[in-house]
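Please look through the structure below, which the following paragraphs describe step by step, beginning with the nucleic acid and ending with the protein chains.

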2 protein chains.
Amino acid sequence: MGRTTPRRRDRIRAETSSEIKTIALKHLTAGGAEAVSLRAIAREMGMTASAIYSYFDTRDDLITALIADSYASLAGVMEAAGAGGSDTGAADRILAVATAYRQWAISHPEEFRLIYGDPVAGYQAPEDDAVREAEDRACAVLLRLVETGWPVPEHPAAEPYEWADFGDGYTRRVRELFPDLPPAAVALALRTWGRMHGQVALEIYGHLRAQLVDPAKLFRAEMLDLTRMLGADPTTSR
Amino acid sequence: MGRTTPRRRDRIRAETSSEIKTIALKHLTAGGAEAVSLRAIAREMGMTASAIYSYFDTRDDLITALIADSYASLAGVMEAAGAGGSDTGAADRILAVATAYRQWAISHPEEFRLIYGDPVAGYQAPEDDAVREAEDRACAVLLRLVETGWPVPEHPAAEPYEWADFGDGYTRRVRELFPDLPPAAVALALRTWGRMHGQVALEIYGHLRAQLVDPAKLFRAEMLDLTRMLGADPTTSR
DNA sequence: TCATTGACTAAATGCCGTTCAGTTCTTGTA
DNA sequence: TACAAGAACTGAACGGCATTTAGTCAATGA
């Protein structure tokens, strides 16, 4: 009964929907989020702006779709960088993922801003399943990095972590994927995220422009220290 | 010849200008950057939107003024936190500044987004003197933190830093304020910034909401490790 | 074959930033 | 004190925007 081949109408609909997204993405990368206007997209498609409402309930929904697609692209890049053959050292994998994160941000600045910034006014982080899934994928890459060096000696003064410290849904998904990792390891993965993110965010938003000639150099130094935090110091692991 | 008391007209002008900013800020905190509309501000002031153009050449200029004011407020909070009596340990001062940074962000989320995000479409980080000055003040607070624990043993694999690695103007201002600090210390201060910023940015933009029950706890752990990076481990300095 | 449904248009609503011509009133000076 | 200059402001307009609504038309599935 289940129909394998999509019906003609559904196919056309999917094509139009993806054409809208493609043009929207083009405008985004060309002129930032403000340039994503339903009228401009429709104009380019030879349609009326209101026609787009058959495909996206509102402009924000279209933006959310762009976020989901962009985040999936970032997650893919991170996964590829984190996969590295089994001959790759732990520190190298960490540096590879971090570099991939930064490089993706640099080559897709507007998409990065879309995901991690707030380019759409009054726009609250959407409760979108596709977005959450991409975020989980990115998170999983970091968890895999932590897993390699685990257990890492805790900072003496740090408070212990428990599962109750994390969101319910998140806890469930993490424990399913990484049954052997304790809560403290998850906390470490989130700290890793923050550490990678900090410098990249500052750089993308232009806050290191006047200070640094080569932001990559500072990022390398920071990520090198990160390997230590994850118990994968390159001086000992290679 | 120099007139000390401002003329009546100048005074009124300054008052109107600051009233515009006050209302703009009110709308910002209430509804995000999108809510800062010249028409809405003028409406509230009993004026026409075009009247505002006597005070700010464009909406973006008004936004830039808001950024400068907000950044100055953040810098002030950081300075206060970093001042701590001479009896305060180095680690405590670091934690105080970091906590101040995060707390300010949490209590002024829209201003934080204004400074470090990209709420205004197609808006490039302005080359505004007042903004740069506030950024320098915040930077100076971090440099003072680094200064306390300096010298910190470098990570073995890290590349050495030279003054040529930094922007010209920035280098000049830093060396004037901190004649004794070497380039590597400046690099460490910028890394400190990135590390503080990373988690706070993720939190403010809602990216830790689904994951963490208490983001402050993770931030504490990260900042505790930061004290180590700055050579001010609380276990040894207290 | 035919009623239904989805894609689409056209027009309108009410926002917005910005421009411009014209008005009013304050100001410093002749 | 009279007056020219200029600042502050109004009102109308332009072109842009998201969104809503009523209506058209053709593909669809029973």
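In what follows, Ala, Val, Leu, Ile, Met, Phe, Trp, Tyr, Cys and Pro count as nonpolar, Asp, Glu, Lys and Arg as charged, and the others, Gly among them, as polar. By these classes, the surface near DNA strand C has 7 nonpolar, 7 polar and 8 charged residues. This is a predicted model, in which local features need pLDDT of at least 70 and side-chain atom pairs count only at pLDDT 80 or more, while totals for chains, interfaces and linings use all residues, and side-chain values use heavy atoms, with hydrogens and water left out. Residues are numbered from 1 along each chain as its sequence is written, and chains are lettered from A and ligands numbered from 1 in the order in which they are written.

Around DNA strand C there are 22 residues, of which A:Arg13, A:Thr48, B:Arg39, B:Arg43 and B:Thr58 come nearest; a residue is near a strand if one of its heavy atoms lies within 4 Å of it. Sugar and phosphate make up 65% of the atoms of DNA strand C that come within 4 Å of the protein. A polar side-chain atom of A:Thr48 lies 2.6 Å from a phosphate oxygen of this strand, whereas a polar side-chain atom of A:Ser50 lies 2.9 Å from a base nitrogen. From chain B, helix H2 (38–45) is among the elements that each supply at least two residues of this surface, and H2(B) gives the most, with 3 residues; helices here are DSSP runs (H or I, at least four residues), numbered from the N terminus.

DNA strand D is surrounded by 21 residues, the closest being A:Arg39, A:Arg43, A:Thr58, B:Thr48 and B:Tyr55. Here the largest share of the surface, 3 residues, comes from H2(A). Phosphate oxygens of DNA strand D lie 2.8 Å from a side-chain N or O atom of A:Tyr53 and 2.8 Å from one of B:Arg13.

Away from the DNA strands, how do the protein chains pack in H8? Helix H8 (residues 183–204) of chain A and helix H8 (residues 183–204) of chain B pack at an angle of about 110°, with their axes 7 Å apart, which makes H8(A) roughly perpendicular to H8(B). Axes are lines fitted to C-alpha atoms, for helices over the stretch in contact, with angles running from 0 to 180 degrees between N-to-C directions, and 65 to 115 degrees counts as roughly perpendicular. By class, the contact of H8(A) with H8(B) (heavy atoms within 4.5 Å) has 6 nonpolar, 8 polar and 4 charged residues.

Notes
Parallel < 35°, antiparallel > 145°, perpendicular 65-115°, else oblique. Polar contact = N/O pair within 3.5 Å; in protein donor to acceptor, adjacent residues only side chain to side chain.
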